[in-house]
Structure formats: structure tokens, C-alpha cells
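Work through these exercises with the sequence and the model side by side. Try each task before reading its solution.

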Amino acid sequence: MNVLCVGDVVGHRGCELVRRVLPALKRQYAVDVCIVNGENSADGNGITPVAARSLRDSGADVITGGNHTFRRHEFYELLDSEPWLLRPANFPAAAPGAGMYTVDRGRYQVTVINLIGTAFMEPLACPFDTLDSLLKQAGNPKFCVVDFHAEATAEKKALAFYADGRVSALFGTHTHVPTADEQILPAGTGYITDVGMSGPVESVLGIRPELSIAKMHGKLPVRFAVAEEGPCELQAVLFTLDDKTGKTTAVQRIAVR
């Protein structure tokens, strides 16, 4: 089984890129399930119903979120009504949406879990305990992939080792910078610290460079905007899972312009 995990989609240019390249990418790699992080897919952070529908129509089976998931109030109703739209599970239970969804293909089911880190981020529920609870709730599924939206590399890797052998794969999102540490952990869980992003290459994490410079150099509030110049690139990771055990047998980084 092949599971494609696409890094944070940034703004309208990221959505346009996904629409253009994802269908062919899924055919090329015989993708069975596609997970896309969409928490930045609306211009100016967050995700809107329009952006979510665009990613879904482009081939995303599950859209995961992160710290910007709740930026757009108009998105809340869709988050509650569409189970394939996830927000991190360790937000309070009263928050819209859910943090786990199972893609049912008939002959197999793939459970997707969305978690958020707490190191250098909001003091939410412990992602380690939340993962334990969700795995128990789902009946310890054979095929399970986790999107861990976190800032700290150490927290991502620690959770991966904590989950090793209990989930098929764990991939990191949030930093928008792909890491070169794809690996299979000792008990068979596939891992990468960060998948990267899908959006403008000539940018600062998808944002116009001059705006990021003004914010960091001038220390004053700046309204960010998606970079409009230059090429875009989709960054992703492909996990190949053993059909009998659910463990990862191969991990491959992918970048497409």
C-alpha cells in the first residue's frame, strides 16, 4: 500500500499547484491514500471552505490541520460536517471537528490521526496521551498514519519513537522546510521530521520575502501575503506499507514543480 503525505499547502498558489500536479503524481506512484496538510491553504493563514473543497477535488482523501486551523470562522461548519477534514485531536473536545478519520477502501481501512505539538506552541493536551487514547478508541488499527504538526524536532522524533510499532508512519508538518531524515524506526514505523510545503519556492515559508524581512527586521506588525513570483513546488513523502503487517517498508521524499 502506498500513502502519499503532502506538506503544508500555502495559499491560492499552493492550491493551484496541487490541482495541477497531484492527480498525475497519484497515478505515477500508485497512491492508495493521499493526506494533505491544508491549514495554510487560504491566503493569509487558515483554511476556508473554498480551499478545502479545492484540495479535496484535487485528490486529497484526508485534509489535516494545525495551529492555524481555526483562523477562519466560516470554516467551522464544514469542519463539523465533513469527517475527512481534521484538526489536531489534542485541542479541547469542544472545538469544532475531530482529530481522527478512517479511510475505508472496503478491503482495507487506513486510520489518519492529526496531532499538534506543545513545545514552543500552545499548551494543549499532551500529544503522547492523546495518541494512546485515539489508538485505543480505534482498536489499534493495522494501518495508521499520523500527521504531527509541531515546531520542535525533538518532540516530533520523541513521539515517533513512542509510537514505533503502533502506527504505520508518522510525518511532521508545520515548519515548511523539508528534512532529509526519512527512515524506518526499529519496530517498523516510517518517519520524517518535516515533509515541507507546497507553494512558492522564492519565498519565506510561502510569504513574500520583503514582508517577512520587514516583520523580522522592523519588529512591527506586517500583513503577510503569498509570494506571487517564481515557480511553485509540491513537497511530499511516500510511505510504502506492508499489506500484511501495516509496517513501513520504504520511505521516499518527493518534490515536483
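**Exercise 1. Find which residues cover each face of β7, and say how enclosed the strand is.**

Solution. Start with one side of β7: Cys144, Val146 and Phe148 are buried there. Now turn to the other side, where Val145, Asp147 and His149 are buried too. Buried means under 20% relative accessible area, exposed over 50%, and partly exposed in between, with a 1.4 Å probe and protein chains only. Strands (E, at least two residues) and helices (H or I, at least four) are DSSP runs, numbered from the N terminus. Six of the six residues of β7 are buried, so the strand is largely enclosed by the rest of the structure.

Two notes apply throughout. This is a predicted model, in which local features need pLDDT of at least 70 and side-chain atom pairs count only at pLDDT 80 or more, while totals for chains, interfaces and linings use all residues. Residues are numbered from 1 along each chain as its sequence is written, and side-chain values use heavy atoms, with hydrogens and water left out.

**Exercise 2. Place β7 in its sheet and name bridge partners.**

Solution. Strands of a sheet pair through backbone hydrogen bonds, either parallel or antiparallel. Here two strands pair if DSSP finds at least two bridges between them. First take β6 and β7: they pair in the parallel sense over six bridges. Thr111 stands opposite Cys144, and Val112 has Val145 as its bridge partner. Next, read the whole open sheet of six strands: β5-β6-β7-β8-β10-β9, with mixed pairing. β5 and β9 (183–184) stand at the edges with a single partner strand each, so one side of each is left without a neighbour in the sheet.

**Exercise 3. Which residues of helix α4 (127–137) are buried, and which exposed residues does the face turned away carry?**

Solution. List the buried ones: Pro127, Thr130, Leu131, Leu134 and Leu135. Looking down the axis of α4, these fall within an arc of 130 degrees, so they line one face of the helix. The arc is that of the directions from the helix axis to the C-beta atoms. An α-helix has 3.6 residues a turn, so residues three or four places apart point the same way. The face turned away from the buried side carries the exposed residues Asp129, Lys136 and Gln137. Now find the packing partners of the buried residues: β5 (100–104), β6 (109–116), β7 (144–149) and α5 (153–163). Just after α4, Gly139 takes a positive phi of about 75 degrees.

**Exercise 4. Describe the aromatic pair of Tyr108 and Phe143, then that of Phe70 and Phe91.**

Solution. Rings of Phe, Tyr and Trp (its six-membered ring) pair if their centres lie within 6.5 Å; planes under 30 degrees apart count as stacked, over 60 as edge-to-face and the rest as tilted. The count comes to four aromatic pairs. In one of them, the centres of Phe70 and Phe91 are 4.9 Å apart and the planes stand at 80 degrees, so the pair is edge-to-face. Both Phe70 and Phe91 are buried. Tyr108 and Phe143 are also edge-to-face: 6.5 Å centre to centre, with 75 degrees between the planes. Tyr108 lies in the loop between β5 and β6 and Phe143 in the loop between α4 and β7, so this pair ties together parts that are 35 residues apart in sequence. Finally, ring pairs link Phe70, Tyr76 and Phe91 into a cluster.

**Exercise 5. Trace the partners of β12 (232–241) and its place in the largest nonpolar core.**

Solution. Begin with burial: nine of the 10 residues of β12 are buried. β1 runs antiparallel to β12, joined by five bridges. Asn2 has Thr240 as its bridge partner. β11 (197–200) is also antiparallel to β12, over three bridges. β13 (248–256) pairs with β12 in the antiparallel sense over eight bridges.

Now the core. A nonpolar core is a set of buried Ala, Val, Leu, Ile, Met, Phe, Trp, Tyr and Cys residues joined through side-chain atoms within 4.5 Å. Of the 33 residues in the largest one, Leu4, Val6, Val36, Leu85 and Leu234 touch the most other members. β12 is among the elements that each supply at least two residues. The largest share, six residues, comes from α1.

How values were computed. Contact means heavy atoms within 4.5 Å.
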